[in-house]
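Colleague: I have a chain open on my screen and would like to go through it with you. Can we start with the rings and then work outward?

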Amino acid sequence: MLKTLLAVSRQGLRRVLILPLSLALLAPDPLLAQTRNRPKKAAPAPAAFAAAEVRQSRCGEEDVLPTTLGRGALNFETSSTDPRSQLQQLVELAQQRSQGLGAANLLAQAARSEWEEAKAARIPQVNLGGTLAQTGNKTEGFPGQSGIQGSANLSVSAPLYDSGRNAQLANWRSQLAEAARHGLVSVEQQLALQTVSLAMDRSRYQLQAQVYAQYVRKMACLVEALDTIVQADRGRASELVQAQKNQQQAELAVVQTLSVLRQVESRLRRFVGDRLPPSASYSALLTQVPELAEMQRDAELAPELAQLEAQARAQSSYAESVVASYKPQVNLLMGGTATAGKIGPSKSAEFVAGVSVNIPIYNAGAEHSISAARKRAEAVRLQREDQLEARRYRMVDMHEAAVSSFDRARLIVDILRNSERVRASTLQQWQQLGRRSLFDVMGAEADYYSLRVAQVNALVDGQQAVALLWSMGRGVLTPLR
């Protein structure tokens with residue numbers, strides 16, 4: 001009965017009054033001194049408690065303790081290169097390697113060649129032809145004749161008046177070439193946005209991995225300290241298990257973050273090549289949110305909208321060329337033919353010079369053809385206006401997202417200061433005053449490191465929103481330059 005009372009009293013005393021670590025472990029237990037029939041435990045060596053206290057007092061991010069991570073994945077090489085220049089170099093590498101950009105460039109060149117062909121339609125065309133053949137004839141009552149006969153012909157044609165058809169066709173091809181050029185610029189801008197976004201994601205997950213690694217080292221330090229304490233006080237084994245669980249969770253977060261980082265780097269290598277340069281610090285880039293009204297005005301300068309506008313002009317010109325094709329056409333014709341051989345006259349020549357006139361009188365499908373061409377032009381104009389409106393509303397969303405992300409990042413910085421004070425005070429009270437439990441310490445640490453990860457995410461989210469905002473106007477390279 002006495003042993004049971006002593007055990008209950010001792011547990012109640014430990015729950016109510018937690019003495020400082022050095023005093024609680026070194027001072028004799030008064031209840032044990034009153035129990036004569038219970039064997040006394042040998043007092044632990046003071047050196048063990050001193051080591052435990054020192055280990056607890058220096059648990060910080062700078063403590064590099066062995067963990068189970070391995071692979072040396074956290075030894076990120078940082079670059080002192082100007083981050084703005086590095087992003088520009090990455091975009092240039094992506095543009096040099098992109099096959100899609102090369103295809104868009106060839107399409108733009110092909111469209112320009114077609115424009116040059118359409119312009120040349122107004123220039124006179126000269127054709128030279130000839131034949132050389134074995135010929136023969138047989139007439140009843142006359143001896144047969146056969147031999148080699150050759151002929152040569154030269155023709156010249158030129159449009160004199162076509163009601164503007166060739167000019168409109170040339171303008172149609174010109175606008176298609178302009179649309180292809182804007183399509184090339186659009187591909188360049190999209191490639192730049194993807195490269196910048198991936199580079200920032202790479203920096204994001206590198207920072208996250210470093211934060212989680214510091215959390216792992218913090219938990220490893222607490223685990224080592226508690227391991228020393230548990231050797232002297234087996235009653236605190238549950239605290240050691242809890243600390244080990246938190247350490248394993250932190251290590252799992254590191255492993256998951258590194259996996260996402262490798263995926264991002266793999267996508268970035270597809271654009272810039274296998275030799276990725278060490279990531280620079282992008283924390284100061286694209287942190288200025290541009291004015292929404294200015295961005296909405298710049299939306300009309302977007303290459304996608306310029307491409308649609310050029311396509312609308314091209315369809316209008318094509319519609320006018322269709323109208324002109326049903327109007328009178330006047331062409332110049334000149335030609336001559338010379339023949340020489342053994343059959344008939346040995347040599348002969350003939351020529352023709354004049355004009356040809358074509359006046360359409362009735363064509364049942366003319367109105368339908370003209371109407372279709374004009375409706376296509378109007379449809380492209382409506383598509384442009386629809387995209388412009390959608391882009392402006394999208395800019396409102398991105399502007400709000402950027403402002404919100406940077407506001408959130410600033411607020412998290414203020415919260416982090418308080419969180420740092422809380423975790424320092426909690427650790428000190430647990431180590432020296434015994435007024436906090438280990439669960440309070442680990443909760444403060446988890447809250448602190450989760451806030452640091454949230455700060456990184458908020459900052460990068462805001463930068464990517466600003467990049468997307470610029471890409472919907474003059475392009476993401478504009479603020480980088």
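Colleague: How many aromatic pairs does a search of the whole structure find?

Modeller: Keep in mind that this is a predicted model. Rings of Phe, Tyr and Trp pair if their centres lie within 6.5 Å. Searching the whole structure on that basis, the number of aromatic pairs is three.

Colleague: Take Tyr-448 and Tyr-449. Which class of aromatic pair do they form?

Modeller: A pair of aromatic rings is described by the distance of the centres and the angle of the planes. For Tyr-448 and Tyr-449 the centres are 5.1 Å apart and the planes make 75°. Planes over 60 degrees apart count as edge-to-face. The class is therefore edge-to-face.

Colleague: Are Tyr-448 and Tyr-449 buried or exposed?

Modeller: The cut-off for buried is under 20% relative accessible area. Tyr-448 has 11%. Tyr-449 has 1%. Both values fall under the cut-off, so Tyr-448 and Tyr-449 are buried.

Colleague: Which residues do ring pairs link into a cluster?

Modeller: Tyr-448 and Tyr-449 are paired with each other. Ring pairs also bring in another tyrosine. The cluster is Tyr-215, Tyr-448 and Tyr-449.

Colleague: Over which rings do the charged ends of Arg-204 and Arg-270 sit?

Modeller: The charged end of Arg-204 is 5.9 Å from the centre of the ring it sits over. For Arg-270 that distance is 5.2 Å. The ring under Arg-204 is that of Tyr-205, and the ring under Arg-270 is that of Phe-271.

Colleague: On to the core. Which helix gives the most to the largest nonpolar core?

Modeller: That core has 75 residues, and Leu-87, Tyr-282 and Leu-286 have the most contacts inside it. Helices H5, H6, H7, H8, H11, H12 and H13 each supply at least two of its residues. With 20 residues, the one that gives the most is H7.

Colleague: Where is Leu-286 found, and is it buried or exposed?

Modeller: Leu-286 is in the loop between H8 and H9. Its phi is near 55°, a positive value in a residue other than glycine. Leaving out residues up to four places away in sequence, Leu-286 touches several residues, including Val-196, Phe-406 and Leu-480. At 9% relative accessibility, this loop residue is buried.

Colleague: Which other residue has a positive phi although it is not a glycine?

Modeller: Look in the loop between E2 and H7. The phi there is about 60°. The residue is Ser-163.

Colleague: Is Gln-189 in H7 buried or exposed?

Modeller: Leave aside its neighbours within four places in sequence, and Gln-189 is in contact with Pro-303, Arg-474, Gly-475, Val-476 and Leu-477. Its relative accessible area is 13%. The cut-off for buried is under 20%, so Gln-189 is buried.

Colleague: And Leu-411 in H11: buried or exposed?

Modeller: The C-alpha atom of Leu-411 is 8.9 Å from that of Gln-455, 44 residues apart along the chain. The relative accessibility of Leu-411 is 53%. Exposed means over 50%, so Leu-411 is exposed.

Colleague: Now the strands. In what order do the four strands stand in the open sheet?

Modeller: E2 (145–161) and E3 (329–341) run antiparallel and are joined by twelve bridges. E3 and E4 (347–358) also pair in the antiparallel sense, over twelve bridges. The order is E1-E2-E3-E4.

Colleague: Why is one side of E1 and of E4 left without a neighbour in the sheet?

Modeller: The pairing in this open sheet is antiparallel. E1 (125–137) and E4 stand at the edges, so each has a single partner strand. From one strand to the next, the twist averages 15°.

Colleague: Which residues face Asn-153 and Gly-150 in E3, and which residue of E4 partners Ala-338?

Modeller: Asn-153 has Thr-337 as its bridge partner in E3. Gly-150 stands opposite Ala-340 in E3. For Ala-338, the bridge partner in E4 is Ala-349.

Colleague: Last one. What share of the residues of the chain counts as buried?

Modeller: The chain has 13 helices and four strands. Among contacts with a separation of 6 or more, 84% join residues 24 or more positions apart. Of the 481 residues, the buried share is 38%.

Key: Residues numbered from 1 in each chain as written. Predicted model: local features only at pLDDT ≥ 70, side-chain atom pairs only at ≥ 80, totals over all residues. Heavy atoms only, no water. Pairing = 2+ DSSP bridges. Axes fitted to C-alpha atoms, helices over the stretch in contact; angles between N-to-C directions. Core = buried A, V, L, I, M, F, W, Y, C linked by side-chain atoms within 4.5 Å. Buried < 20%, exposed > 50% of the residue type's maximum accessible area, 1.4 Å probe, protein only. Contact = heavy atoms within 4.5 Å. Phe/Tyr/Trp six-rings, centres within 6.5 Å; stacked < 30°, edge-to-face > 60°. Lys NZ or Arg CZ within 6 Å of the ring centre and 35° of its normal.
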